[in-house]
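Dear colleague,

Please find below the structure that I am handing over to you. My notes on what was found in it follow directly after.

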Amino acid sequence: MTATARPVVLVAEELAPAALDLLASDVELRHVDGSDRAALLPALADVDAVLIRSATRMDAAALSAGRRLRVVARAGVGLDNVDVAAATARGVMVLNAPQSNIVSAAEHAVALLLAAARHIPAAHACLQQGRWARSAFTGTEIDGKTIGIVGLGRIGVLFAQRMAAFGTHLIAYDPYVQPGRAAQYGVHLVSLEELLRESDVISVHLPKTPETVGLIGAKELETTKRGVIVVNAARGGLVDEIALADAVRSGQVGAAGVDVYESEPCTDSPLFGLPGVVVTPHLGASTVEAQDKAGLAVVRSVMLALQGDFVPDAVNVQAGGIVAEDVRPLLPLAEKLGRVFTALAAGLPQSATVHVRGEIVEYDVSVLQLAVLKGLFTDIIEEPVTFVNAPLLAAERGVQVDLATDLDSPDYRNLVTVRGTLGDGSEVTVSGTLSSQRQVEKLTDVNGFDMDLRPEDHLLFIRYRDRPGVVGTIGAELGRAGINIAGAQVSRATVGGEALMAIAVDSAVPAELLAVIADSIGATLLRAVDLSPR
């Protein structure tokens, strides 16, 4: 990010000072109270990114107000207050910090369980009132109990690991986890029905989705052991609050620990005031450490996004998720191959295939397909092209880009090829690789001509009939214009046949000079490619 074009980032809620310090040198920071809609909407008008927590609602109206908005970043895990679908439709990247508070959330679930099992809040309040009533607060040991974990994601695993130290038997329900993975954590996978039936403690660790809302209601609570302890420190609405309150009153549920509510902020719930129920105001992420981690993580992601780089924590990127470290260095190369393709084709393909070869395909390489797609549109669309809107742009224009992989790569350790068909039926291909331990980007093939050229910011591709004097003529024309050649290569199939010259130059070549060069050598194709950052 340059000092002459500093992006504007709106901070809508309090963030860790260290996170703001990290941003301050590269962007213009503005502040607003995100919970105040009247102040928020106009403040979004000319900003590139907005940083929020849980109090700022980024719905369709807010997204529409952000005409220049490229990034919505939530310093936390949940995205209940962000309309992800509307953001995606507008090409706005949505980021969060999915691992920032997982330790704090798991620890809070443990705290709620222990507080509920031993009646700690009620005993504390009684003693504060001057009453010594030991016999009224006989609790339950956790040792030897069966702990049912609903959701074995990152937080669920951390909760399981901590519960194992109490000498418990761990079972879990999670249809997306393989039994072998669960066994690694000492957890036995079961159906939800079995978990409800067998558990002494049930702790919920699921995301909030249409499938999980109301997962545990009156019918499910009726099937549990009488006196079961229920903990929900995940998301409000996963456990029906009215049903849970009724089950506590009847004694079916012996105790409960609840940190989240169907509607927040919540000051009136049927759970409030019930004996045996410990409630907290959504404190799962409320630790100094989690706040610092969330702020720093999301700020780093925002900086990547504003630079146009791939962001692993983008929730609405088609190839989002974990990208292997071995795959990541290929992303800039893949994007450049897309840009070279568009320049050679003088437009978009009707269809294209990104073919990835070599040992790299042992990993998920779908992100390379997305990077190529971004490159295809970067130089022909006025608006900024991102990893979010590139698939939308392709769909709008009927451009189909597929991915093919092959472990076999005879000539290179790894190779990425973009091959596309144009409207007239002709094909364009461009290939590249990373060479040496320094991971140097190299073009290896252009339209069937072998290459070994670094994709510098300014490239020329010239096709002509092979004959003496052509290289000198081109060099002389560039020299007279004061344009320095950084590297050049001529590739040909046969002597006197068609040849392709690829030239890397230090500055852009004016269109008039390109026309002079093409005319002077009788070029059948001359394309200038500008790979400088946009």
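**Helix H14 and its surroundings**

The buried residues of helix H14 are Val367, Leu368, Gln369, Leu370, Ala371, Val372, Leu373, Lys374, Gly375, Leu376, Phe377 and Thr378. Please note that this is a predicted model. With 12 of its 13 residues buried, H14 is largely enclosed by the rest of the structure. Its buried residues pack against two helices, H13 (330–345) and H15 (389–396), and against the strands E13 (351–358), E14 (400–406) and E15 (414–421). The length of H14, which covers residues 366–378, is as expected: at 1.5 Å a residue its 13 residues should span 18 Å, and the end C-alpha atoms are 19 Å apart, which agrees.

In the loop between E13 and H14 one finds Glu362. Glu362 has a relative accessibility of 62% and therefore counts as exposed. Its C-alpha atom is separated by 9.4 Å from that of Thr405, although the two residues are 43 positions apart along the chain.

**Helix H13 and its packing on H14**

H13 consists of 16 residues and reaches 22 Å from its first C-alpha to its last, close to the 22 Å expected at 1.5 Å a residue. Because 14 of these 16 residues are buried, H13 is also largely enclosed by the rest of the structure. After H13 comes Ala346, which has a positive phi, near 55 degrees.

How do H13 and H14 pack, and at what angle? The angle is about 40 degrees, and the axes are 7 Å apart. That angle makes H13 oblique to H14. On the H13 side, the contact is made by Leu330, Leu331, Ala334, Glu335, Gly338, Arg339, Phe341 and Thr342. On the H14 side, the residues in contact are Val367, Leu368, Ala371, Val372, Lys374, Gly375, Leu376 and Thr378. The crossing of H13 past H14 is right-handed.

The loop between helix H12 (288–306) and H13 contains Asp309. Asp309 counts as partly exposed because its relative accessibility is 34%. Not counting residues up to four places away in sequence, Asp309 touches Leu304 and Phe387. From Asp309 to Pro332 there are 23 residues in sequence and 8.3 Å in space, C-alpha to C-alpha.

**The nonpolar cores**

The largest nonpolar core has 81 residues, of which Leu51, Met93, Leu95, Leu368, Phe377 and Phe461 touch the most other members. H13 gives the most to this core, with 10 residues. Another core, of 29 residues, lies apart from it and includes Leu195, Val204, Leu206 and Leu244.

For Met93, the residues touched are Arg70, Val71, Val72, Ala305, Val311, Ala314, Asn316, Val317, Phe387 and Val388, not counting residues up to four places away in sequence.

**A second helix pair**

Helix H1 (residues 17–24) packs with H12 at an angle of about 20 degrees, their axes being 8 Å apart. That makes H1 roughly parallel to H12. H1 contributes Ala18, Ala19, Leu22 and Leu23 to the contact, while H12 contributes Gly295, Leu296, Val299, Arg300 and Met303. The crossing of H1 and H12 is right-handed.

**Backbone details**

Most residues other than glycine have a negative phi, and most peptide bonds are trans. The following points may be read against that background.

- Glu264 and Pro265 are joined by a cis peptide bond, with omega about 0 degrees. Pro265 is placed in the loop between strand E11 (253–258) and strand E12 (277–279).
- His119 has a positive phi, near 55 degrees. His119 is in the loop between helix H5 (102–117) and helix H6 (120–128), and at 22% relative accessibility His119 counts as partly exposed.
- Ser436 has a positive phi, near 65 degrees. Ser436 is in the loop between strand E16 (427–435) and strand E17 (440–446), and at 48% relative accessibility Ser436 counts as partly exposed.

**The protein as a whole**

The protein has 17 helices and 22 strands. Its C-alpha atoms fill a box of roughly 105 × 50 × 40 Å, taken along the principal axes. Of its 534 residues, 51% count as buried. Among the contacts with a separation of 6 or more, 62% are accounted for by residues 24 or more positions apart.

With kind regards

Technical notes:
Residues are numbered from 1 along each chain as its sequence is written. This is a predicted model: local features need pLDDT of at least 70, side-chain atom pairs count only at pLDDT 80 or more; totals for chains, interfaces and linings use all residues. Side-chain values use heavy atoms; hydrogens and water are left out. Helices (H or I, at least four residues) and strands (E, at least two) are DSSP runs, numbered from the N terminus. The expected span of a helix is 1.5 Å times one less than its number of residues. Buried means under 20% relative accessible area, exposed over 50%, partly exposed in between (1.4 Å probe, protein chains only). Contact means heavy atoms within 4.5 Å. A nonpolar core is a set of buried Ala, Val, Leu, Ile, Met, Phe, Trp, Tyr and Cys residues joined through side-chain atoms within 4.5 Å. Axes are lines fitted to C-alpha atoms, for helices over the stretch in contact, and angles run from 0 to 180 degrees between N-to-C directions. Angles under 35 degrees count as roughly parallel, over 145 as roughly antiparallel, 65 to 115 as roughly perpendicular and the rest as oblique. A crossing is left-handed if the near helix is turned anticlockwise from the far one by less than a right angle, and right-handed if clockwise.
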